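Subject: Structure for you to look at

Hello,

Here is the structure I promised to pass on. Please open it and keep it beside this email as you read.

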Amino acid sequence: MRLRWLEFKFRLRKAVLLGLVPAALLSLLYIAGPGMASTGCGTGIQGVPSDTLVIKVGYFGGPYYTKKVYTLSDFDQLSQVKQAYTFIDSMPSVCMDAATGVRLTDLLADAGIDVNSVQKFYFYATDIRKGWYQCLDKSYLLDTPRYYYPNLPAGWDYEKGSSTLEAVYGAIRVDPIIAYKDNWQRYGEVPDFSVYDTSTRFRLLFGQKEPDECTAPQSAKWVHSIDVMLGGMPPAGVTLDQNAVNLKVGSTVRLTATVAPYEATDKSVTWSSSDPGVATVDHNGLVTVVGPGAATIAVSTVVGNLTATCIVNGPRETGPGQSSEPFGAGPQKNGEVDNPFGLPVSEDNRQHLAKKEITAAVSTAAPAASEQSGSQPWRVYEMSSDAVPLQQQKRQNTLDIFAAVLLGVLLLGGSGKRYMEHIREVVR
């Protein structure tokens, strides 16, 4: 009976373990953002075309910073591409799309993002109120060769739900794009660029690795924001090779910024001047003094907004040992001011010198105290007539008290031990 119970417990634990392991793996895949994550279909929220596309950049576990916000007019200024794409949807059936947009790699370059540093893309759509629509690895989206299969409509077997050998003929390599107008056709045979639909703006489109690959659910539409997750480390600080410079009007100096740590992925910085009427700075850190006055040149990291500054023609501080007194303000001799340079002395300076003479008289009246005090300044206070001097407190030797307490503990402990031994002997 006991053996059967143990066998039952073992099977039960095994079943629980087999159930927990897949659940844990699915949770990790969801958190990490797999190559083709949950698309969020069936949310019941109607998507709307977006008028702007926000590109953000960040690192795993950290905040994402806005790199650039694109409007429709901004898209018109970028290099355009017209491209046809084929897809297999979940039915499965063949879909064909004729689209106009901007290559994803061109978009990243225009936003100042190094494509080689990218690890993941998070696409946010207007039909998802919270969180991203899908997450795609850079290796899946950009590094994998993808194609448009013009013969796929004729080379698809709807009964078997698979492609025929003719489907791969004439395959064309295509790039992922962000389309702002397209013409999506289910059961379409040829792409139609004569009619466009802008209600799906903005839309992610990319080709197939093979004709049977189901990529229609990943062609995200109504995209309004893209978070670009970089690999490596974020910047931890920025420093300048000079903290202060003094230059004449018309002079130039180049400041060098160093972003730490060395392993930081995105080391891009921006430059600014607190007063362009005094000093200007270009994107390479070249400072030009254009007018009188002082200004502060600042350099900031694009990721993290970490800042270092350099002051141009700022006020000079008085160094140690330097006097701020005017010339000709020496001590008086025979009621006259000692003025070796023959400069005029104002009434304010005379009052200042009179105060210095009183201070000198006080110091000479107590030469012994001055010798003991060294160079420390003396301060004179008046004492009240009813003041009573405090009695000098004797120091208490804490070491003697500690030793006495310790000795008492030891004596009590020894006496107690002997007393207990005596009790035991009496009991016996």
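Below is what I found in it, from the whole chain down to single pairs of residues.

**The chain as a whole**

This is a predicted model, so please read every value as computed from it. The protein chain has 428 residues, and 32% of them are buried. It holds seven helices and 24 strands. The accessible surface of the chain is about 27,900 Å². Carbon and sulfur atoms account for 56% of that surface. Now take the contacts with a separation of 6 or more. Of these, 64% are between residues 24 or more positions apart.

**The cores**

Nonpolar side chains tend to be buried together in soluble globular proteins. Where does that show up here? The largest nonpolar core has 34 residues. Leu 53, Phe 121 and Ile 178 have the most contacts inside this core. Several elements each supply at least two of its residues: strands E1, E5 (118-125), E11 and E13, and helices H3 (104-110) and H4. There is also a second, separate core of 18 residues. Its members include Leu 240, Ala 295, Val 299 and Ala 308.

Try clicking on Leu 53. Which residues does Leu 53 touch, leaving aside its neighbours within four places in sequence? Among them are Lys 68, Val 69 and Tyr 70. Phe 75, Leu 107, Ile 178 and Phe 202 are in contact with Leu 53 too. So are Val 223, His 224, Ser 225 and Ile 226.

**Strand E1 and its partners**

Next, look at strand E1, residues 52-59. Six of its eight residues are buried, so the strand is mostly covered. E1 pairs with strand E2 (residues 64-71) and with strand E13.

- With E2, the pairing is antiparallel and has seven bridges. Val 57 stands opposite Tyr 65 in E2.
- With E13, the pairing is parallel and has six bridges. Lys 56 stands opposite Asp 227 in E13.

E1 and E2 also form a hairpin, with four residues between them. Find Gly 61 in the turn: it has a positive phi of about 80 degrees.

**A sheet of three strands**

Further along the chain is an open sheet of three strands. Its order is E16-E20-E19, and the pairing is antiparallel. Which strands are at the edges? They are E16 (252-254) and E19 (279-281), and each pairs on one side only. From one strand to the next, the twist averages 20 degrees. E16 and E20 (residues 286-289) are joined by three bridges. In one of these pairings, Val 253 has Val 287 in E20 as its bridge partner.

**Salt bridges**

How many salt bridges are there? The count is nine. Three of them deserve your time.

Start with Asp 51 and Arg 201. Their closest N and O atoms are 3.0 Å apart. The two residues are 150 residues apart in the chain. Asp 51 is in the loop between helix H1 (2-32) and strand E1. Arg 201 is in the loop between strands E11 (177-186) and E12 (203-205). Are these two residues buried or exposed? Asp 51 is exposed, because its relative accessible area is 51% and the cut-off is over 50%. Arg 201 is at 10%, so it counts as buried.

Next come Arg 103 and Asp 175, with an N to O distance of 3.1 Å. Arg 103 is in strand E4 (residues 94-103), and Asp 175 is in the loop between strands E10 (172-173) and E11. The pair therefore ties together parts that are 72 residues apart in sequence. Arg 103 is partly exposed, at 27% relative accessible area. Asp 175 is partly exposed as well, at 37%. These two residues and Asp 106 are linked in a network of salt bridges.

Last, find Glu 213 and Arg 146. Here the closest N and O atoms are 3.3 Å apart. Glu 213 is in the loop between E12 and strand E13 (223-230). Arg 146 is in the loop between helix H4 (138-143) and strand E7 (147-148). The two are 67 residues apart. Glu 213 is buried, at 10% relative accessibility. Arg 146 is buried too, at 2%.

Best wishes

Methods: Residues are numbered from 1 along each chain as its sequence is written. This is a predicted model: local features need pLDDT of at least 70, side-chain atom pairs count only at pLDDT 80 or more; totals for chains, interfaces and linings use all residues. Side-chain values use heavy atoms; hydrogens and water are left out. Two strands pair if DSSP finds at least two bridges between them. Axes are lines fitted to C-alpha atoms, for helices over the stretch in contact, and angles run from 0 to 180 degrees between N-to-C directions. A salt bridge is a side-chain nitrogen of Lys or Arg within 4 Å of a carboxyl oxygen of Asp or Glu. Buried means under 20% relative accessible area, exposed over 50%, partly exposed in between (1.4 Å probe, protein chains only). Contact means heavy atoms within 4.5 Å. Accessible areas come from the Shrake-Rupley method with a 1.4 Å probe; for residues, only the protein chains shown count as cover. A nonpolar core is a set of buried Ala, Val, Leu, Ile, Met, Phe, Trp, Tyr and Cys residues joined through side-chain atoms within 4.5 Å.
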